[in-house]
Amino acid sequence: MSGDNCIFCKIIEGKIPSKKVYEDDEILAFHDINPSAPIHFLVIPKKHLPMLSDASSEDTQLLGKIMLKIPELAIQEGANPGQAGGFKVLMNNGAEGGQEVYHMHLHVLAGKRVGN
Ligand code: 5GP
Ligand code: ZN
């Protein structure tokens with residue numbers, strides 16, 4: 001169920017190259033092409049959901065799995081552990097939410113103070 005002309009579906013299919021952080025049968029994580037922090041990667045479901053607003057109760061397990069995978073991947077990519085370290089998780093939803101790519105994704109940012 002890939003989205004027509006969706007660049008993230010093309011990344012999942014390997015038609016557009018990416019620097020992979022993690023992959024399994026349901027999830028892909030890869031470095032953002034235009035990083036906003038020393039560590040900046042995106043975590044996406046392989047299922048083409050345009051935005052969080054399009055998710056439903058049938059996606060509960062998938063979204064929970066993505067959230068729970070993020071701390072492990074952040075440490076793997078070099079985020080400092082514990083309360084003194086950390087990372088930021090961000091998701092844009094819709095045009096007014098700042099979304100540019102309509103395949104749902106979480107940004108994970110770390111490696112400097114990225115909090116407000
Ligand atoms: P959004 O504004 O939709 O939340 O963020 C989209 C993100 O996708 C941006 O940070 C942008 O740099 C990243 N991005 C857009 N096209 C590509 C691409 O082809 N490859 C990778 N790795 N990242 C991309
Ligand atoms: Zn897609």
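These legends describe close-up views of a predicted model with ligand 1.

**View 1. Ligand 1 sits in the largest pocket.** The protein around ligand 1 draws on several secondary-structure elements. Helix α1 (7-12) and strand β2 (27-31) are the elements that give two or more residues to the shell. Helix α1 supplies the largest share, 3 residues.

**View 2. The shell around ligand 1 holds 16 residues.** Those that come nearest are D32, E100, V101, H105 and H107. By class, 7 residues of the shell are nonpolar and 7 are polar. Another 2 are charged.

**View 3. Oxygen atoms of ligand 1 make polar contacts with E100, H105 and H107.** At E100, the partner is a polar backbone atom, 2.7 Å from a ligand oxygen. At H105, the partner is an N or O atom of the side chain, and the distance is 2.7 Å. The side chain of H107 also offers an N or O atom, 2.8 Å from an oxygen of ligand 1. On its own, ligand 1 has 520 Å² of accessible area, and the protein covers 84% of that.

**View 4. F8 and F30 form an aromatic pair.** The count for the model is 1 aromatic pair. A pair of aromatic rings is described by the distance of the centres and the angle of the planes. For F8 and F30, the centres are 5.3 Å apart and the planes meet at 80°. The arrangement is edge-to-face. F8 belongs to helix α1 and F30 to strand β2, so the pair ties together parts that are 22 residues apart in sequence.

Methods. Residues numbered from 1 in each chain as written. Chains lettered and ligands numbered in written order. Predicted model: local features only at pLDDT ≥ 70, side-chain atom pairs only at ≥ 80, totals over all residues. Heavy atoms only, no water. Near = heavy atom within 4 Å. Polar contact = N/O pair within 3.5 Å; in protein donor to acceptor, adjacent residues only side chain to side chain. Areas by Shrake-Rupley, 256 points an atom, 1.4 Å probe, with all protein chains shown as cover. 1 Å grid on protein atoms, 1.4 Å probe; cavity = no way out; pocket = protein on both sides within 12 Å on 5 of 7 lines; lining within 4 Å. Sits in = over half its atoms within 2 Å of the grid points. Helix = DSSP H or I, 4+ residues; strand = E, 2+ residues; numbered from the N terminus. Nonpolar A, V, L, I, M, F, W, Y, C, P; charged D, E, K, R; others polar. Phe/Tyr/Trp six-rings, centres within 6.5 Å; stacked < 30°, edge-to-face > 60°.
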